[in-house]
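Here are my notes for you, set out as numbered points. Please keep the model open while you read.

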Amino acid sequence: MTEQNSSIDFSTEDIPQILPILPLFDAALFPKMVLPLVVMQGESIQLIDEAMAKNRIVGLLFSKKKVDEPIQPDEDLAKVGTSALILKMAKSEENRTHLLVQGLSRFKVISFEKGKPYSMARVENIEDKGKIDNEIEALMSNLTGLFNKIVKLSPGLPAEIGEMSRSIQEPGILADMIASTMNSSAEEKQKVLEVVAVKKRLKEVTRLANHQLEILELGNKIQSQVKGGMDKTQREYYLRQQLKAIKEELGEKDEAKVETEDYKAKIEEKDLPEEAKKEAERELSRLSRMHPSSAEYTVASTYLDWITSLPWHDSTKDNLDIKKARKILDEDHFGLEKPKKRIIEYLAVRKLKPDSKGPILCFAGPPGTGKTSLGRSIARALSRNFFRISLGGVRDEAEIRGHRRTYVGALPGRIIQGIRRSGSNNPVFMLDEIDKVGSDFRGDPSSALLEVLDPEQNFSFSDHYLDVPFDLSKVMFITTANILDPIPPALRDRMEVIQLLGYTEDEKLKIANRYLIPRQRRAHGLKAGQISFTNGAVKRIITGYTREAGLRNLEREIAAICRGVASSIAEGKTNSVSITVVNIPKYLGPVRVMSETKARTSTPGVAMGLAWTQAGGELLFIEATSMKGKKGLTLTGQLGDVMKESANAALSFIRSNTASLGIDEDFFENMDIHIHVPAGSIPKDGPSAGVTMLTALASLLTKKIIRKDLAMTGEITLRGQVLPIGGVKEKVLAAHRGGIKTIILPQWNQKDLEDIPKKVQKEIEFHFVEKMMDVLEIAFDNKKHNIIK
């Protein structure tokens, strides 16, 4: 490397009018300031060589282009620059020239000259303008103060430079010195260089200094906060290490280490399945590397608590004594022969084949028929643990499958929670109100239940939280529902449906005497000798104060009587009370349910049908009347579309069979017909009222009265065929409760009599018909047709 120095003094008069121009990239030079440069372009190196051979003076102009881009002087170079003296020049072997230049004076470009490989410019020197007044002195003082603050906050700036700024008396030189020293962009410095007026230049540099000081103060504040946080962390670390050393000296063990060892022992003791064991060991390994105060530590420890507390291999021993199981079932519930028979069959299979899978049963029926309590009884008969969850209103799939561990406060689903609480892997697990499950944007719980209730899949049920399969095949799942229609077909297909269709009056009487009265007596603190019920009183409560397929309202009325008796005994008015038909109104008030059959008027146009509801069967009266008009048919009583179509079909059948029925062929020409179904506030629909509507119309038009003790149900066609219907047992039981003695049913429903209690079959006369004419013969003339009694 060759080096040349210069120590010659220059003044502005020595600066020539035409200067060789050296472009500056990302830098700016102010007068009186010194700047190191590195030159790599060939033409620029030639410029420096020629300048060194002459007066060493060059012109420096800021370039808008990058180093490796071609420059158009008129467009790409600034019009104000600095003339500079080359103080030192050194060349290296990499074809680079290192310079140290000192600014002499500002200049303005008048024009660019040609004739050299490098740029030449005719220039005019610029002197500082403006006299020193009070404002300039104030600006200088303020700027000096700001600059000294910047120096204190900038580790890279020596403290001496701040003192030097105080000694500068020339305002222009002070502004140039501070502008060149500050950490501003080359563009900002070029703007300062182009400001000729000293006062304006001082203001511009003050603006830059304020901005720079604000950034430095903010950076210093952030650094202090970070350092304070680090100091706190280090302090906590040292204190923990000291605490650890103290515990070791005292012979105490680290709590986190003790907890880790406990989990390890639990994992070994539980004999987890291979996949669950791997997951537990992996989580335990993570836990051992965490600090107890960490949020993740709680997540990992909660997971290990769950996985080590589940009954992976813990089972209860089934009671395979079939006689004992039957006795327990009979003790807890009267009747309900179908579900009891199914449980006994399951026990028999378990006795012959111990590894058989648990059944998936669905008890369907009206409210209060004993579905939920039957589940408890089954668990007692099998000597199994019992757990029940209600699915009513459940809308989130995570309720079944659990939340993933990424969520804060995640937990397993209610299936795994129930298994853990039951304490065994083969409990009787009741999913109550499965027909009330909803769905929304959080998922469809019914779809999640498909895996739970499928014996071919639930041996490897995967909960999102556990993330390992759990065997549910040993669990006996029992679901309950009031109606089956809302249950998705795929889910219904996985369950064995057993209907619990309600109780007869005699069954209710026996249940009340055997279960309800003793239970309510105990609940109200009464002894057997303090209250007694006659059979007549219980029957009056059943028929006069309740109308239901189940038993809830009956038990509620019995509880009301017990409360009244308890009140009398507590007040000392009496020692014991016998409840009879006579004194029931004293406790329950007047009879609330009247027999509808007695309330009927013996007039043509009124027929009694049978309807099915979610709460069981109901009697359904249909009234028809006529008036002057022109072929009008009015239907009232909140009837659905199917029921309205049945009414139209009935009218069409009568109009097409007027001769057979003995009705004037033109009866409809000057007549309007109105069909009404009472209880108008309740929506009604379905095809099974077709027979009843046709009979009511025929009665109206023939002026014949229908038998009082007759009820009927069935769908009709335009050709007069009577088609089968559903809900036969519920409808028949409703008729029996209402005192009906004769029922007309479609021929195809004769098979459904198997579900009807024998006592009811004996007390009701059944007629099975195929054609509508047969129905009318029985309703009007009391003729028998395929009678079963």
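1. Which helix does Lys731 lie in? Lys731 belongs to helix α26, which covers residues 728-737. Keep in mind that this is a predicted model.

2. Look at the surroundings of Lys731. This lysine is buried, yet it has no salt bridge. Glu730 carries the nearest side chain of opposite charge, 8.1 Å away. A salt bridge needs a side-chain nitrogen of Lys or Arg within 4 Å of a carboxyl oxygen of Asp or Glu.

3. What does Lys731 touch, once neighbours within four places in sequence are left aside? Its contacts are Leu610, Ala611, Trp612, Gly617, Ser688, Thr713, Ile725 and Gly726.

4. Now turn to the largest pocket. It holds about 890 Å³ of space. Its lining has 38 residues, and Gln499, Leu500, Leu501, Lys729 and Asp755 lie nearest the centre. Helix α26 appears again here: α12 (337-352), β14 (496-499), β17 (606-613) and α26 each give two or more residues to this lining.

5. What is the make-up of that lining? For the largest pocket, the residues divide into 17 nonpolar, 11 polar and 10 charged.

6. The second largest pocket comes next. Its volume is about 730 Å³. It is lined by 28 residues, with Ala611, Trp612, Thr613, Leu620 and Lys684 closest to its centre. Ala611 and Trp612 are also among the contacts of Lys731.

7. Which strands should you check around the second largest pocket? Both β17 and β18 (616-628) supply at least two lining residues. The lining of this pocket has 16 nonpolar, 6 polar and 6 charged residues.

Definitions and conventions: Residues numbered from 1 in each chain as written. Predicted model: local features only at pLDDT ≥ 70, side-chain atom pairs only at ≥ 80, totals over all residues. Heavy atoms only, no water. Helix = DSSP H or I, 4+ residues; strand = E, 2+ residues; numbered from the N terminus. Buried < 20%, exposed > 50% of the residue type's maximum accessible area, 1.4 Å probe, protein only. Lys, Arg positive; Asp, Glu negative; His and termini not counted. Contact = heavy atoms within 4.5 Å. 1 Å grid on protein atoms, 1.4 Å probe; cavity = no way out; pocket = protein on both sides within 12 Å on 5 of 7 lines; lining within 4 Å. Points joined across faces, edges and corners; volume = space filled by probe spheres on them. Nonpolar A, V, L, I, M, F, W, Y, C, P; charged D, E, K, R; others polar.
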